[in-house]
Amino acid sequence: MRETWHEEEVRVSDVAEQVSGSQESGAQVPLVDYLVLGDDPHLRAQECVACQARFFDRRNACASCFGAEFRTVDIPNEGVLRSFTIVAHAGPGIDVPFVAGLVDCGGTSVRGNVINILADPDHVALGMNVRLATFSVGFDDNGTEAVGFGYEPI
Amino acid sequence: MSASDDIWILGIHMTKFGKHPDSDIVDLGAEAIMGALADGGVTMGDMGIMAAGNLMGGGGIGQQLQKQVGQTGIPVYNVSNACATGATALRTAIMAVKAGECDMGLAVGVEKLAGAGLLGGGGKSRSSANVYEPTGRFGAVTGTDGRIGTATMPGVFAQVGMEYGHKYGGATFELFAQISEKNHGHSTLNPKAAYTKAMSTEQIMNDVMIAYPNTRPMCSANCDGAAAAVVVNGETLRTLSQEQQRRAVKVSASVLTSDPWQESCQVLPDVNTLTRNAATQAYEQAGVGPDDLDLVELHDCFATAELVHYDNLGLCEEGGAVDFFKSGAAHRDGRMPVNVSGGLQSKGHPISATGIANIWEVCQHLRDEGGDRQIEGANVGLAHVIGLGSACGIHILEKSAVAV
């Protein structure tokens with residue numbers, strides 16, 4: 001399914017290029033701001049200095065202990081698939097089926113798709129070991145590529 | 001007026017759930033209110049407060065309904081709490097009566113949801129962005145649903161059930177389908193259910209897959225409906241007729257909780273902890289335990305959700321939900337019948353009505369008015385709803401002690 005997405009996004013991108021005349025610029029942006037790209041793509045979180053609770057978005061105070069001091073920490077790339085579903089019906093424009101999962105990355109729960117795997121119950125298993133991998137989401141009119149993340153079997 | 005510790009349901013009504021193309025939310029809500037008032041033998045003139053819930057309409061449903069059934073100038077509280085909206089409306093009316101602000105209160109929940117389709121999978125269209133700009137709380141440059149997991153309700157609740165399976169084992173596709181088979185079987189005895197067709201486990205497993213392991217019949221049915229209830233304090237009830245006292249149902253516990261912080265709640269809603277907390281509080285308030293319950297209506301928005309709530313409500317020992325179901329306990333002829341109404345999978349789930357409709361179901365049995373699906377000798381029942389976000393409402397109800 002990843003490949004299907006990719007082809008579709010490239011096709012959309014081609015159309016966009018014909019309209020705007022832009023080229024792929026080589027620039028990349030992460031799909032979300034808690035994904036860090038570069039040589040070692042990984043996720044980061046805001047960690048409460050007082051109780052170590054972690055958040056992927058900003059908080060005024062820690063939801064667990066109300067502490068107001070946070071630091072940025074990296075999330076391990078490897079984890080264990082704690083739950084999943086294989087989505088067969090989704091909103092308009094979302095390709096199905098895909099595997100949505102909950103991954104335990106060294107004690108931090110992460111939501112993400114399980115990628116580079118056949119999306120059927122015979123190939124996805126609770127408790128399987130996975131690691132973070134990135135994929136191309138598409139290109140905008142300036143030729144900037146959006147890069148997303150998922151988890152692939154180890 | 002005086003504060004009173006004992007609260008009773010004096011009158012209660014639910015419309016038939018299903019498609020009501022010729023009725024709007026005001027028609028449906030008014031039908032539920034008129035039914036509840038008539039059931040309790042009272043009028044709008046007796047009500048001291050009104051709490052009204054509706055999510056998909058334009059707002060101000062309480063005032064619209066007053067114009068339809070009686071404007072007396074009483075305070076109206078329009079409430080919104082996801083799938084716990086109906087229970088929240090009821091709880092609001094109960095709090096006002098319990099506080100002594102009035103003797104009687106009215107709660108109503110109504111929704112038009114037929115044909116609403118898949119809920120929860122919204123967000124930015126993928127093709128709308130021409131230039132990537134980070135937006136929102138996660139700085140997303142384009143739509144994330146389907147790329148970073150799923151926000152669709154069938155998918156979220158599928159993961160809730162699968163996570164339970166990961167923790168304790170035994171939660172197979174077939175088991176979830178069997179739970180759905182039970183509820184669809186129960187629905188054949190409920191004339192107010194949106195769907196009343198029995199389905200085999202095989203039929204359910206082979207139906208359209210929505211989000212594995214939830215197939216279409218394992219998902220709550222979007223439909224139209226309304227439910228309303230009149231609550232009264234004990235002191236006032238004792239001034240009413242013998243018949244009103246006999247049919248009144250005691251609210252032994254009324255609890256609403258939200259979710260306390262849990263490590264993974266930011267990525268997968270935790271429907272467990274707040275339900276466990278609510279159940280603990282409710283049993284303590286009512287002075288009963290799970291073994292005292294004669295029937296339970298729990299929030300089976302998906303078959304995968306019903307399994308975890310056996311455990312969350314203490315109907316089985318921790319980790320024992322699969323064995324509990326396999327023992328046959330949750331069937332209507334079992335020791336702890338669950339969702340004899342057919343549950344949300346077949347009765348239907350007009351969101352704001354659900355949290356009062358499940359109480360209506362329990363009341364039918366406690367009043368010996370359950371018809372073909374009556375649970376004989378029912379004395380105590382529990383009604384549970386959960387709205388994502390989250391909010392959990394639990395009410396424990398007891399049969400009146402007044403003799404016929």
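Q: What makes β7(A) and β8(A) count as a pair of strands?
A: Two strands pair if DSSP finds at least two bridges between them. Strand β7 (residues 98–105) of chain A runs antiparallel to β8(A), and 7 bridges join them. The requirement of at least two bridges is met, so the strands pair. Within β8(A), A:R111 stands opposite A:L102. The hairpin of these strands has 2 residues between them, and A:G106 takes a positive phi near 60 degrees there. This is a predicted model, in which local features need pLDDT of at least 70 and side-chain atom pairs count only at pLDDT 80 or more, while totals for chains, interfaces and linings use all residues. Residues are numbered from 1 along each chain as its sequence is written, with chains lettered from A and ligands numbered from 1 in the order in which they are written.

Q: Why is β8(A) called a strand?
A: Strands are DSSP runs of E with at least two residues, helices are runs of H or I with at least four, and both are numbered from the N terminus. Strand β8 of chain A covers residues 108–114, so its name follows from the definition.

Q: What makes β8(A) mostly covered?
A: A residue is buried if 20 or more other C-beta atoms lie within 10 Å of its own, exposed if 12 or fewer do, and partly exposed in between, with C-beta atoms placed from the backbone. In β8(A), 7 of its 7 residues are buried.

Q: Why is β7(B) called largely enclosed?
A: Strand β7 (residues 225–233) of chain B has 9 of its 9 residues buried, so the rest of the structure largely encloses it. Side chains in a regular strand alternate between the two faces of the sheet. In β7(B), B:G225, B:A227, B:A229, B:V231 and B:N233 point one way, B:A226, B:A228, B:V230 and B:V232 point the other way, and all are buried.

Q: Which strands pair with β7(B) in the antiparallel sense, including one over 7 bridges and one over 8 bridges?
A: Strand β1 (residues 7–14) of chain B pairs with β7(B) over 7 bridges, and β4(B) is joined to β7(B) by 8 bridges. In the first case B:W8 has B:V232 as its bridge partner; in the second, B:E111 has B:G225.

Q: Why is B:D323 called partly exposed?
A: B:D323 has 14 C-beta neighbours inside 10 Å, so it counts as partly exposed. Its place is in helix α11 (residues 321–326) of chain B.

Q: Why does B:W261 count as partly exposed?
A: B:W261 counts as partly exposed because it has 15 C-beta neighbours inside 10 Å. B:W261 lies in the loop between β8 (249–258) and α9 (273–286) of chain B.

Q: What does B:W261 touch, leaving aside its neighbours within four places in sequence?
A: B:W261 is in contact with A:A53, A:A63 and A:S64. Two residues are in contact if their C-beta atoms, placed from the backbone, lie within 7 Å.

Q: How many residues does each chain give to the contact between chain A and chain B?
A: Chain B gives 43 residues and chain A gives 45 residues. On the side of chain B, α4(B) gives the most, with 7 residues. That side divides into 19 nonpolar, 18 polar and 6 charged residues. Ala, Val, Leu, Ile, Met, Phe, Trp, Tyr, Cys and Pro count as nonpolar, Asp, Glu, Lys and Arg as charged, and the others, Gly among them, as polar. Across the chains, strand β6 (residues 78–87) of chain A and β5(B) pair in the antiparallel sense over 2 bridges. Here A:I86 has B:Y212 as its bridge partner.

Q: What makes a set of residues a nonpolar core?
A: Its members are buried Ala, Val, Leu, Ile, Met, Phe, Trp, Tyr and Cys residues, joined through C-beta atoms within 7 Å. The largest such core has 167 residues, and B:A93, B:V108, B:A228, B:A229 and B:V231 touch the most other members. Helix α13 (residues 351–366) of chain B gives the most to this core, with 9 residues. Beyond its neighbours within four places in sequence, B:A93 is in contact with B:I49, B:A51, B:G105, B:L106, B:A107 and B:V231.
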